[in-house]
Amino acid sequence: ERPSSDATYNMSDKSTASPSWAVVLPLAIFACTAAILCSPTSVLDPSGAGAPRLQRLTSAWHTSKSRQLTIHTLLKPFIQSLDGYVLGLGADVGSLSNLFPPSVRDLKISEDRPFYLPALHATTAERVGAEVLNMSASNMSIIENATVDAVVAIRALCTANLSRAIDEIQRVLKPSGTLIVLEPVIALEPLWLRRLQVVMSPLYEIFNDGCHLDLDMAGLLLAAGFDVKAKPQALESRLAFLRPHLLGTAHIIR
């Protein structure tokens with residue numbers, strides 16, 4: 001027996017019916033909450049610079065005294081012998097400004113996130129010759145070719161367009177120049193930690209300015225023509241997937 005035309009109409013009507021409010025309302029609430037949290041003007045500094053709330057939560061950890069002390073301890077041996085023109089990438093370099101030797105006559109520190117700039121100006125205020133630039137590592141067009149003696153990158157390449165940033169570093173460095181890095185990388189071992197970083201990286205990027213945790217930084221630098229003398233370094237963290245970093249130097253192979 002064939003179904004009546006009325007029955008057919010009722011079946012098709014159910015298949016195209018709108019989702020129930022029990023589905024739509026939670027999704028709408030989630031979308032609105034995410035928009036508020038991630039809005040670039042959701043939190044304002046006294047200076048008026050806007051910052052996403054999620055990123056402001058992580059910036060408190062980045063600027064903590066314990067973390068800055070760790071960075072000082074790790075980077076001090078690498079920067080004590082620098083001289084000439086040094087370009088710093090990332091706001092964390094600002095905390096090192098007074099550790100650079102007097103032989104560093106020209107120190108420029110770049111940061112492309114405006115809500116970090118007030119703190120960066122404060123940390124570099126006592127350093128004679130230091131200049132703060134609102135500039136991305138992926139576009140350093142204001143820096144002339146082959147003029148920089150050393151580039152110091154601290155958690156800046158992980159947030160940048162890495163291939164373009166490496167090209168820019170190669171462009172601005174002198175033939176004898178040095179790249180010093182302290183950057184998050186994917187762990188070599190154990191396997192479970194590598195997998196955890198791959199899974200957690202997309203979520204971490206939301207909370208931490210787009211910083212990737214699953215990059216093979218040393219491999220990418222080698223592929224770009226650098227002689228890499230950097231080793232894995234585990235930073236202290238309660239979260240295992242945040243510990244693996246790459247620390248050391250790299251030089252352009254001419």
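The accessible surface of the protein amounts to about 13,900 Å², of which 60% belongs to carbon and sulfur atoms, as computed from a model that is predicted. Of the 254 residues of the protein, 44% count as buried. The secondary structure consists of eight helices and nine strands, and, among contacts between residues at least 6 apart in sequence, 63% join residues at least 24 apart.

Against this background, the charged side chains were examined for ion pairs, and the structure was found to hold five salt bridges. One of them links Arg113 with Glu111, the closest N and O atoms of the pair being 2.6 Å apart. With respect to solvent, Arg113 has a relative accessible area of 15% and is buried, while for Glu111, likewise assigned as buried, the corresponding value is 2%. Both partners of this salt bridge are therefore buried, since the relative accessible area of Arg113 and that of Glu111 fall under the 20% that delimits this class.

A further salt bridge is formed between Asp149 and Lys174, for which the closest N and O atoms lie 3.1 Å apart. Asp149 is located in strand 6, which spans residues 148-154, and Lys174 in strand 7, which spans residues 173-184, so that the pair ties together parts that are 25 residues apart in sequence. The two partners were assigned to separate accessibility classes, because Asp149, at 19% relative accessibility, counts as buried, whereas Lys174, at 28%, counts as partly exposed; the limit applied for a buried residue is under 20% relative accessible area.

Within helix 6, which covers residues 162-172, Arg171 and Glu168 are both found, separated by three residues, or about one turn of the helix. The side chains of Arg171 and Glu168 meet there in a salt bridge with an N to O distance of 2.9 Å. In this pair, Arg171 counts as partly exposed at 23% relative accessibility, and Glu168, with a relative accessible area of 12%, is buried. In addition to these pairs, salt bridges that share partners join Asp106, Lys108 and Glu131 into one network.

Taken together, the salt bridges described for the predicted model include a contact between strand 6 and strand 7, made by Asp149 and Lys174, a pair whose residues both lie in helix 6, namely Arg171 and Glu168, and a network composed of Asp106, Lys108 and Glu131.

How values were computed:
Residues are numbered from 1 along each chain as its sequence is written. This is a predicted model: local features need pLDDT of at least 70, side-chain atom pairs count only at pLDDT 80 or more; totals for chains, interfaces and linings use all residues. Side-chain values use heavy atoms; hydrogens and water are left out. A salt bridge is a side-chain nitrogen of Lys or Arg within 4 Å of a carboxyl oxygen of Asp or Glu. Buried means under 20% relative accessible area, exposed over 50%, partly exposed in between (1.4 Å probe, protein chains only). Helices (H or I, at least four residues) and strands (E, at least two) are DSSP runs, numbered from the N terminus. Contact means heavy atoms within 4.5 Å. Accessible areas come from the Shrake-Rupley method with a 1.4 Å probe; for residues, only the protein chains shown count as cover.
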